[in-house]
Amino acid sequence: NYYTKLISTPNEVMFEFNRTKLFFEELLNYKIDFKKPFINLNDNLNSKLPKKYVVFFIGATTSFRCWPVENFAKVARYILNNNHNLNVLICGGTAEEIEAKKLVNILQDKRVYNYTGKTTLVEFIEIISKARLLLSNESNAPHIAMAFSIYTIVLYNGFNFKRFIPYPKDISNKYFPIYHPKIDNNLKKYEITSNKRGYSKVLDMKDITVDRVVNKISDLNFN
């Protein structure tokens, strides 16, 4: 046998943090009292960061989950034009270096910093921990932001809905998903469909408009 105990969890779709917490409570026979993710981080690991900034995380595990870099540029321009004390930090892995350079070239602004492919994981976590806002594709970055209660806007084209996105309000009220229009049309149906084994439907991220993102940013008091 490969196990000595089989732990059951509810059959319905659950937010993955809650399911994992429930699993370990059953495994350890111990009530876990924390209600949200958290990361203990030493302060001042990188003193060279700008004082006030937003983070754009432009990557994801696959390219079809990425919002076009031209759209990130339009949102960045809106932020820079309307918040003169804010900087924009571009983050991602080495796979996003070409797109990040394209974004920098489009904006041509000294308040835009390119950290793509230039940080360790700990440095990346610190960058997010001090951000005023994170704008990201659905990836690891929003989960890190939630550990620090950072305002987060997530661009989502649809996999494992309700397992990883959105964050329940009892965990965070600073998480704001922007769904592909086809998901918005019927959230309950999509919750079932997107979690079926073998689901592979690809929704075009270009269908998420810049206006929807800008409108959400304008609603937030993140300065």
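## Helix α5

Helix α5 spans residues 140-147 and is mostly covered, with 6 of its 8 residues buried. The model is predicted. The buried set consists of A141, P142, I144, A145, M146 and A147. What do these buried residues of α5 pack against? Four strands and a helix appear in the answer: β1 (53-57), β4 (133-137), β5 (151-156) and β6 (175-179), along with α4 (121-129).

Both ends of α5 have a feature to note. At the N-terminal end, S139 acts as the cap. A side-chain oxygen of S139 lies 3.4 Å from the backbone nitrogen of A141. Just after α5 comes S149, with a positive phi of about 55°. S149 is not a glycine. This residue sits in the loop between α5 and β5. S149 is partly exposed, at a relative accessible area of 33%.

## Helix α3

Helix α3 covers residues 97-107, and its buried residues are A100, L103 and L107. Seen down the axis of α3, these buried residues fall within an arc of 60°, so they line one face of the helix. An α-helix has 3.6 residues a turn, so residues three or four places apart point the same way.

Which residues of α3 are exposed on the other side? They are I98, K101 and N105. The cover over the buried residues of α3 includes α2 (69-82), β2 and β3 (112-114). Just after α3, Q108 takes a positive phi of about 50°.

## N87 and its surroundings

N87 belongs to strand β2, which runs over residues 87-91. Is N87 buried or exposed? N87 is buried, because its relative accessible area is 12%, and the cut-off for buried is under 20%.

K52 is a partner from elsewhere in the sequence. N87 and K52 are 35 residues apart in sequence, yet their C-alpha atoms are 6.2 Å apart in space. A polar atom of the N87 side chain lies 2.9 Å from the backbone oxygen of K52. Leaving out residues up to four places away in sequence, N87 touches P50, K52, Y53, V54, R111 and Y113.

## R111

R111 is found in the loop between α3 and β3. R111 is buried, with a relative accessible area of 17%. Where its neighbours within four places in sequence are left aside, R111 contacts L80, N83, H84, N85, L86, N87 and V88. N87 is thus one of the residues in contact with R111, and R111 in turn is among the residues that N87 touches.

## E25 and N29

Helix α1 (residues 16-28) contains E25. E25 counts as buried, because its relative accessibility is 13%. Which residues does E25 touch, not counting those up to four places away in sequence? The contacts are Y30, K31 and I32.

N29 lies in the loop between α1 and β1. N29 counts as exposed, at 72% relative accessibility. The phi of N29 is near 55°, a positive value in a residue other than glycine.

## A cis peptide bond

Most residues other than glycine have a negative phi, and most peptide bonds are trans. Which residues does a cis peptide bond join here? The bond links I165 and P166, and omega is about 0°. P166 is placed in the loop between β5 and β6.

## The largest pocket

Rolling a probe the size of a water molecule over the atoms shows where empty space is left. How much space lies in the largest pocket? The volume is about 160 Å³.

The lining of the largest pocket is made of I58, A60, T62, S63, C66, W67, V69, A95, E96 and E99. By class, this lining divides into 6 nonpolar, 2 polar and 2 charged residues. The charged pair is E96 and E99. T62 and S63 make up the polar pair.

Note on methods
Residues numbered from 1 in each chain as written. Predicted model: local features only at pLDDT ≥ 70, side-chain atom pairs only at ≥ 80, totals over all residues. Heavy atoms only, no water. 1 Å grid on protein atoms, 1.4 Å probe; cavity = no way out; pocket = protein on both sides within 12 Å on 5 of 7 lines; lining within 4 Å. Points joined across faces, edges and corners; volume = space filled by probe spheres on them. Buried < 20%, exposed > 50% of the residue type's maximum accessible area, 1.4 Å probe, protein only. Helix = DSSP H or I, 4+ residues; strand = E, 2+ residues; numbered from the N terminus. Contact = heavy atoms within 4.5 Å. Polar contact = N/O pair within 3.5 Å; in protein donor to acceptor, adjacent residues only side chain to side chain. Arc of directions from axis to C-beta.
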